[in-house]
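Q: I should like a close look at one part of this structure, followed by an account of how the surrounding parts are arranged.

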Amino acid sequence: MAEPATTGRATTRRCFLTAAGAAGLAAALTACGGGDDSSSAAPSRSGGGAGMELAKTSDIPEGGGKVFKDHEIVVTQPKAGEFKAFSSVCPHAGNPVGDVSGGTINCPFHGSKFSITDGSVKAGPATKPLPSAEIEVKGGTISTA
């Protein structure tokens with residue numbers, strides 16, 4: 001079957017729609033881009049700034065930890081007096097981790113588990129560790145760095 005002949009008008013309309021779509025895509029990409037792609041793996045802490053008190057050291061159980069959802073941080077105490085902090089955002093799908101129990105930081109959405117010592121993956125589907133986060137421990141207080 002032969003293809004229908006195109007008129008100059010159909011070609012013009014097609015070119016216009018293609019150009020308009022390309023211009024819209026370019027505008028959308030420009031608006032979404034915004035400069036430097038060298039973002040770090042450190043978590044954003046939209047819930048507060050540096051120096052914000054998170055907890056007393058006595059609030060973090062030895063061999064466990066606590067999730068601070070408002071700060072996107074989870075603080076653990078792998079052994080007595082040793083405090084670690086990680087992003088509380090699961091690298092698998094970007095959901096918040098739920099709790100710290102059984103010696104792991106646990107994501108309730110897909111079952112990933114992370115080490116309380118170094119944030120490494122103990123059970124998937126996550127394939128990347130939780131990024132470390134900065135905290136300050138002074139006296140009996142844990143604060144954002």
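How many bridges join strand 9 to strand 10, and in which direction do the two strands run relative to each other?

A: The model is predicted, and the description that follows should be read on that footing. Strand 9 and strand 10, the latter comprising residues 141-144, are joined by 4 bridges and run antiparallel. One of the pairings can be named by residue: lysine 138 has threonine 141 in strand 10 as its bridge partner.

This pair belongs to an open sheet of 3 strands, in which the order is 1-10-9 and the pairing is antiparallel. The edges are taken by strand 1 (53-56) and strand 9 (135-138), each of which pairs on one side only. On average, neighbouring strands of this sheet are turned by 25° against each other, with direction ignored.

Strand 1 also carries a salt bridge. The side chains of lysine 56 and glutamate 53 meet there, with an N to O distance of 3.5 Å. Lysine 56 is partly exposed, its relative accessible area being 38%, and glutamate 53 is likewise classed as partly exposed, at 44%.

A further open sheet is built from 4 strands in the order 5-6-7-8, again with antiparallel pairing. Strand 5 (99-101) and strand 8 (121-123) stand at its edges with a single partner strand each, so one side of each has no neighbour in the sheet. The average turn between neighbouring strands of this sheet, direction ignored, is 35°. Within the sheet, strand 6 (residues 104-106) and strand 7 (residues 113-115) run antiparallel and are joined by 3 bridges. Isoleucine 105 has phenylalanine 114 of strand 7 as its bridge partner.

Strand 2 and strand 3 form a hairpin with 4 residues between them. In the turn, glutamate 72 has a positive phi of about 55°. The two strands run antiparallel and are connected by 5 bridges, strand 3 covering residues 73-79. Among the paired residues, glycine 65 has threonine 76 in strand 3 as its bridge partner. Strand 2 (residues 64-68) is largely enclosed by the rest of the structure, because 4 of its 5 residues are buried.

Salt bridges also appear at the end of strand 3 and beyond. The side chain of lysine 79 meets that of glutamate 82 in a salt bridge of 3.9 Å, N to O. Glutamate 82 forms a salt bridge with lysine 84 as well, and the closest N and O atoms of that pair are 3.5 Å apart. Lys79, Glu82 and Lys84 are thereby linked in a network of salt bridges. Lysine 79 is exposed, with a relative accessible area of 53%, whereas glutamate 82 is partly exposed at 22% and lysine 84 is partly exposed at 29%. The whole structure holds 4 salt bridges.

The cysteines deserve a separate note. There are 0 disulfides in the structure. Cysteine 90 takes part in none, and the nearest cysteine sulfur, belonging to cysteine 107, lies 4.0 Å away. That separation is too far for a bond, because a disulfide requires the two sulfur atoms to be within 2.5 Å. Both side chains can be placed by their accessibility: cysteine 90 counts as buried at 2%, and cysteine 107 is buried with a relative accessible area of 6%.

Note on methods: Residues numbered from 1 in each chain as written. Predicted model: local features only at pLDDT ≥ 70, side-chain atom pairs only at ≥ 80, totals over all residues. Heavy atoms only, no water. Pairing = 2+ DSSP bridges. Axes fitted to C-alpha atoms, helices over the stretch in contact; angles between N-to-C directions. Buried < 20%, exposed > 50% of the residue type's maximum accessible area, 1.4 Å probe, protein only.
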